[in-house]
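Q: Please take a close look at one part of this structure, the "binding site" that UniProt lists. I would like the burial and contacts described in connected prose.

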Amino acid sequence: MGWTEVLTTAEMRGLETAAMAGGAVTGLDLMERAGAAVAGAIRLRWPKAGRVTVLCGPGNNGGDGYVVARHLAQAGWQVRVLGMDNAPGPDAAVMKRRWAALGGIEPLTAAALGKEAGDLVVDAIFGTGMTRPLDREMALVSRWMGGWTPVRTVTPPPVVAVDAVSGLCLDSGAWLGGVRGEPGGSLPRAALTVTFHAPKAGHLLELGPVLGGELVVADIGLQTTPFRDAEGQIWSERTLAVMVPPRHLRQDRGLHPLGKRAGSHKFDHGHALIVAGTAGQGGAARLSARAALRAGAGLVTLAPPADAMAEHFGPPDALMRRALDDAAALARLLGDDRLRAVCLGPGCGTGRAADLLEPLLASGRPAVLDADALTALARRPAGFEGLHKGCVLTPHMGEFRRLFPDLAARLDPPPRPPARPPSPEQEIAWTIALQTWRQALADMRGPLYSRLDAAREAAARSGAVVLLKGPDTVIAAPDGQARIHSAFDVPWLATAGAGDVLAGIIAGLLARGFPSLVAAATGAFLHAAAARRFGPGLIADDLPEQLPGVFRDLGL
Ligand SMILES: NC(=O)C1=CN([C@@H]2O[C@H](COP(=O)(O)OP(=O)(O)OC[C@H]3O[C@@H](n4cnc5c(N)ncnc54)[C@H](O)[C@@H]3O)[C@@H](O)[C@H]2O)[C@@H](O)CC1
Ligand SMILES: [K+]
């Protein structure tokens, strides 16, 4: 599947509005195509017509639902529609009338749903318009789809989500559902989500991949994103994502060629310096060094302090070693232009990382700053001064919080409810606290702040490329370009030392001359591809050894 363009909900609305204003298409056409695409995807996966319940919300997502109902009925399905008693927008109103000519509409309530749901449920309640917590009744419907009712646990039929599971914020992937915002209860998990034109960020971040099931992106005839206004100004930065399962990296748009030219020299592929730390901590840097070699750097030098050198003998013999004691020595080393990239942080020690950071930044050399180098950066009196767009910061959420505490706080989940007090005297205070908490959650408004927003702000603030690690890794450059790398299918990648390997792969690609955003994104891809290829039972040492196989699979 490869790198795919990803939109925010505002961008998607902008695109639809532009297409309609340009006269290329009407809203009704788009809705018809959207509903037909969902019905088509259902018929592909469930070829035998059965009984389906279609849940239609108050807006255009509901409009799509009425189209799905009509198409499935025409294909021989027994269709039951639950809808809302409201006057939707003009397009959805037309689709509602067209359905009403074929069949009835019962009120959309959890009780009605519980009676007879059939073989399949289509969730067309809310889509990109989901901006506030579900009200009580819709929260009950949502919980029913998640297998929970007030009286018993049910096994609901498979759910097909139109655009998104209703309750998911399509910008952040965070949950906006719950009874008046209260989290808890069973979250619905769709078997299939059909979205339109492009994935939205919320399909790939946080809960999006967990709740959405298989994601199908249906073409509804919109033009490929012209992210420019009438004056030719870019009005939106591009976000690309790798979706699971990725296929042929080589053919993908926006990717730097990974193969090496025939007849090239080792220095053509760059020389990477991997800084190691004091005795006893060398394993992390050795993992990075091995990964940089396997990622294709022409030469890799591991640089521990002189008194820790003994620990670093042994394979791989392809690795060079050189003692590096202090900042002055690093400044001298960086005088050699052939040394193209540096990896600072894994197993380095915070004090040493802080010392070496200064000559490294002063050299302007492409660099990966990971682990201890990030801690040193967070404590640095000069803050982000001297960082540049050739730097790649690779924080996990804890490190991100140390570097950008205000941005991390905006990603925090809503507070938990206050705990019930042990003594009856405190009951009144607790009841008030509970009400305040409920109100705060009910007042939540989407779109919620996302990991994509946070990484973009962090990159703009620091002037460096920021790779925020997770199963939904987000990579952002200071100019606003971003990549999302989804690795929900390889949970075994969360293992000790895996981050050191990632830092090494990126350093290797930087040494090969990859631009920093491309090196970081390609590194995240190769790292997950290596884990996927190995399978469960993986330890970090296995990752570099899988890279040759990954390259072979890519046809390089
Ligand atoms: N605009 C278009 O031309 C197209 C839209 N399409 C569909 O339209 C959807 C977006 O439609 P809408 O913008 O009407 O939005 P939705 O249908 O997602 O939401 C409907 C309305 O519900 C309200 N709402 C939001 N949260 C609520 C809550 N918790 N409780 C009660 N009401 C709530 C909103 O104010 C919104 O007006 C997409 O997800 C997609 O399914 C597709 O048909 C493709 C074309
Ligand atoms: K939906």
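A: A residue counts as buried if 20 or more other C-beta atoms lie within 10 Å of its own, as exposed if 12 or fewer do, and as partly exposed in between, with C-beta atoms placed from the backbone. This is a predicted model, in which local features need pLDDT of at least 70 and side-chain atom pairs count only at pLDDT 80 or more, while totals for chains, interfaces and linings use all residues. Residues are numbered from 1 along each chain as its sequence is written, and chains are lettered from A and ligands numbered from 1 in the order in which they are written.

The unreviewed UniProt entry gives Lys469, Gly470, Pro471, Asp472, Thr473 and Gly499 as "binding site". These residues span 31 residues in sequence, but no two of their C-alpha atoms are more than 14.4 Å apart, so they gather at one spot. UniProt positions follow the numbering used here, feature names are shortened, and annotations may be inferred rather than shown by experiment.

Asp472 belongs to strand S17, residues 472-476, and Thr473 is in S17 too. Strands (E, at least two residues) are DSSP runs numbered from the N terminus. Asp472 is buried, because 24 other C-beta atoms lie within 10 Å; Thr473 is buried with 27.

Contact means that the C-beta atoms of two residues, placed from the backbone, lie within 7 Å. Setting aside residues up to four places away in sequence, Asp472 touches Leu204, Leu205, Glu206, Arg451, Ile484 and Ser486. With neighbours within four places likewise left out, Thr473 is in contact with Leu467, Leu468, His485, Ala487 and Ala524.

Technical notes:
Helices (H or I, at least four residues) and strands (E, at least two) are DSSP runs, numbered from the N terminus.
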